[in-house]
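Trainee: I would like a close look at one part of this protein. Could you take me through its disulfides and the core they sit beside?

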Amino acid sequence: TSTPRVLNNGLSYSGSCRKIKNYCRTEQKGTEYAKELVNPPGGKAFGRLGEAVRAKCPVGFMAEETAICIAENSLSGRWDNTVLCKYIPPKRPNSYICSKPSLPGASFQGCRGCEAVEEGTSSSNCRCEAKCNSDYKLVTNGAEPEPKCIKKQIECPLEVEYKHETGECKERWSGKATEEWCCEEPWIGRGGKVEEEQADDEPLAPPLHFLKDKPCRELTDISRCYRSEDAATGDLCCWDESTDRSRPSCVPQSPSMRPEQCAVRREVYIADWVIPFKCSRICVEPVADAVMSSKCSDCIYEDPDKCECSLSCQEGYLHLGGGPLESRKCRSDGTFGLMPICAPPVPPTCVDLRVDGLQTKGCAGCRAGDESCNCKVACSKERRLSASSKSKEGPRYCKEVKNTAIKIVTSCTSITSAVECRGSKQQPDEIPCCARRDGFDFLGDPGPVCVARGSEIITMDKKGSLSHICAELSVGIWEDDKHEQDMPDCKQICDASIFNLDGVVARGCDECIEGEPCDCSVTCADGYEWYGGG
């Protein structure tokens with residue numbers, strides 16, 4: 001009853017007509033990966049006349065092209081276009097920028113924003129300069145010490161996964177987006193699954209390991225093809241259907257191949273610094289009291305052969321303990337090891353003179369060779385120098401002589417007595433043995449009781465004193481200016497007061513000494529006569 005409506009193919013209809021479902025077949029699939037049709041923006045497609053639909057694409061793909069249901073006859077219509085699912089590539093950086101370089105002991109200038117270049121080429125936008133800090137030394141292998149920002153290809157780490165939903169690479173554990181380790185595009189080849197856990201509608205990921213045992217043309221399995229590179233040329237293998245779709249073949253990659261036809265290496269380009277040198281810490285110049293160092297100011301741990309450092313005691317000083325006197329190499333901790341302990345030799349002390357009948361002055365604590373020692377000896381007032389004495393009264397000098405009482409041993413460490421240790425020396429070099437000041441268990445360390453002088457066991461305590469007392473190879477003795485070692489022979493003066501008696505006269509008896517001739521005479525006074533006694 002109404003005016004007829006004309007359809008696109010010349011058909012017309014009039015009256016109340018209802019569009020039938022599936023007039024255009026909704027179960028018809030589009031091209032690869034277009035598994036289902038939907039009514040934008042995502043509703044169900046009914047296939048009614050005039051309905052516009054797009055493909056429902058799997059993760060990692062986006063719908064491309066729209067199809068409209070048009071009339072073909074009274075029973076069925078057709079879609080006026082073919083819907084597609086287009087692969088969404090990952091978001092990759094347009095350029096590769098190196099972050100600021102870092103190297104222990106080095107400082108850098110002009111190294112920010114440097115763009116990576118292929119190895120062997122130079123960057124025009126980067127003038128990175130580096131130098132070692134003052135306490136470090138430059139070490140190279142003959143190359144120019146110039147850092148270079150290089151584009152490197154590395155294997156894509158498993159810690160990174162490609163997110164198809166956003167087209168981003170993310171760290172697997174933290175979920176943070178990263179471009180530094182972004183993997184290449186996922187493998188979208190047709191065929192069996194490479195990774196078992198992947199769903200059927202997802203693009204396949206690159207294999208962990210490529211097969212390299214056969215030429216591509218010998219492979220007949222599509223899955224094997226997509227996981228291989230040519231054994232002879234190293235080219236990626238590609239699945240080719242262009243010649244005969246009924247008989248596809250595996251061939252080496254060529255410029256005409258689409259990326260989705262070929263295997264994808266699990267590799268990625270990153271920007272990284274190539275620093276052809278290192279800064280090695282210079283060993284600290286050895287400093288210790290009375291220790292001389294030679295050629296130690298420029299030594300590093302990494303180059304021990306060029307270190308000629310040697311340590312010695314100052315002239316006239318003795319090596320008491322600590323580290324040995326020898327050539328040294330710089331250690332990994334930046335030192336030359338344990339420093340030796342050197343000290344001037346201490347002359348022996350002469351014993352304080354305590355002889356009956358002898359008076360001394362300035363003789364206490366005198367050491368051998370000490371010219372400031374003003375030791376003088378004389379007979380006490382109750383005594384007189386004997387006429388037969390070889391040594392006279394007067395100055396005395398402390399002289400150093402060899403200690404003949406010291407014991408000779410083959411090894412100081414064999415001694416278990418501290419007393420014996422301090423009276424022994426070790427052959428063949430006559431090195432004095434040294435015993436611990438605090439006995440056997442010094443600071444809880446059950447080490448040897450006795451060691452040779454110069455042993456590293458001998459150290460300084462917190463008060464700056466040596467931990468050991470060593471045997472004395474020499475002793476101090478007293479002698480006069482004629483090198484006489486005997487002390488003056490002082491005899492007792494005879495007591496002449498015994499003659500102070502009535503009627504007794506004594507003459508020349510006040511200076512008489514025991515055991516020596518004397519001109520003493522005793523007589524009776526005038527008017528007295530001797531009647532007894534002496």
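Mentor: Start with a term. A nonpolar core is a set of buried Ala, Val, Leu, Ile, Met, Phe, Trp, Tyr and Cys residues joined through side-chain atoms within 4.5 Å. Buried means under 20% relative accessible area. Keep in mind that this is a predicted model.

Now the setting. The protein chain has 534 residues, and 35% of them are buried. Its secondary structure comes to two helices and 39 strands. Take the contacts with a separation of 6 or more: 50% of them join residues 24 or more positions apart. The chain exposes about 33100 Å², with 48% of that supplied by carbon and sulfur atoms.

Next, the largest nonpolar core. This core has 17 residues. Those with the most contacts inside it are Leu103, Phe108, Cys128, Cys149, Ala271, Trp273 and Cys279. Three elements give two or more residues to the core: strand S11 (106–109), strand S20 (267–274) and strand S21 (277–281). Look at phenylalanine 108. Leave out residues up to four places away in sequence, and Phe108 touches Pro101, Ser102, Leu103, Cys128, Glu129, Ala130, Pro147 and Ile275. There is also a second, separate core of 14 residues. Cys373, Trp478, Met487 and Cys490 are among its members.

Now the disulfides. A disulfide is a covalent bond between the sulfur atoms of two cysteines. In this model, sulfur atoms within 2.5 Å count as a pair. By that rule there are 20 disulfides. Three of them are worth a walk-through.

Begin with cysteine 132 and cysteine 279. Their sulfur atoms are 2.0 Å apart, and the two form a disulfide. Cys279 is a residue you have met, since it is listed in the largest core. The torsion about the S-S bond is -85°, and the link is left-handed. Cysteine 132 lies in strand S13 and cysteine 279 in strand S21, so the bond ties together parts that are 147 residues apart in sequence. Both cysteines are buried.

Move to cysteine 114 and cysteine 126. These two form a disulfide with sulfur atoms 1.9 Å apart. The torsion about their S-S bond is about 65°, so this disulfide is right-handed. Cysteine 114 sits in strand S12 (residues 114–115), while cysteine 126 is in the loop between S12 and strand S13 (129–132). The two are 12 residues apart. Cysteine 114 has a relative accessible area of 0%, so it is buried. Cysteine 126 is at 9%, so it is buried as well.

The third pair is cysteine 434 and cysteine 470. They form a disulfide, with sulfur atoms 1.9 Å apart. The torsion is 100°, and the link is right-handed. Cysteine 434 lies in strand S33 (residues 431–436) and cysteine 470 in strand S35 (residues 468–470), so this bond ties together parts 36 residues apart in sequence. Cover is uneven here. Cysteine 434 is buried at 0% relative accessible area, whereas cysteine 470 is partly exposed at 25%.

Finish with a cysteine outside the pairs. Cysteine 494 is in no disulfide. Its nearest cysteine sulfur belongs to cysteine 512 and is 6.1 Å away. A disulfide needs sulfur atoms within 2.5 Å, so this pair does not count. Cysteine 494 has 38% relative accessibility, so it counts as partly exposed. Cysteine 524 is partly exposed too, with a relative accessible area of 32%.

Terms used:
Residues numbered from 1 in each chain as written. Predicted model: local features only at pLDDT ≥ 70, side-chain atom pairs only at ≥ 80, totals over all residues. Heavy atoms only, no water. Helix = DSSP H or I, 4+ residues; strand = E, 2+ residues; numbered from the N terminus. Buried < 20%, exposed > 50% of the residue type's maximum accessible area, 1.4 Å probe, protein only. Contact = heavy atoms within 4.5 Å. Areas by Shrake-Rupley, 256 points an atom, 1.4 Å probe, with all protein chains shown as cover.
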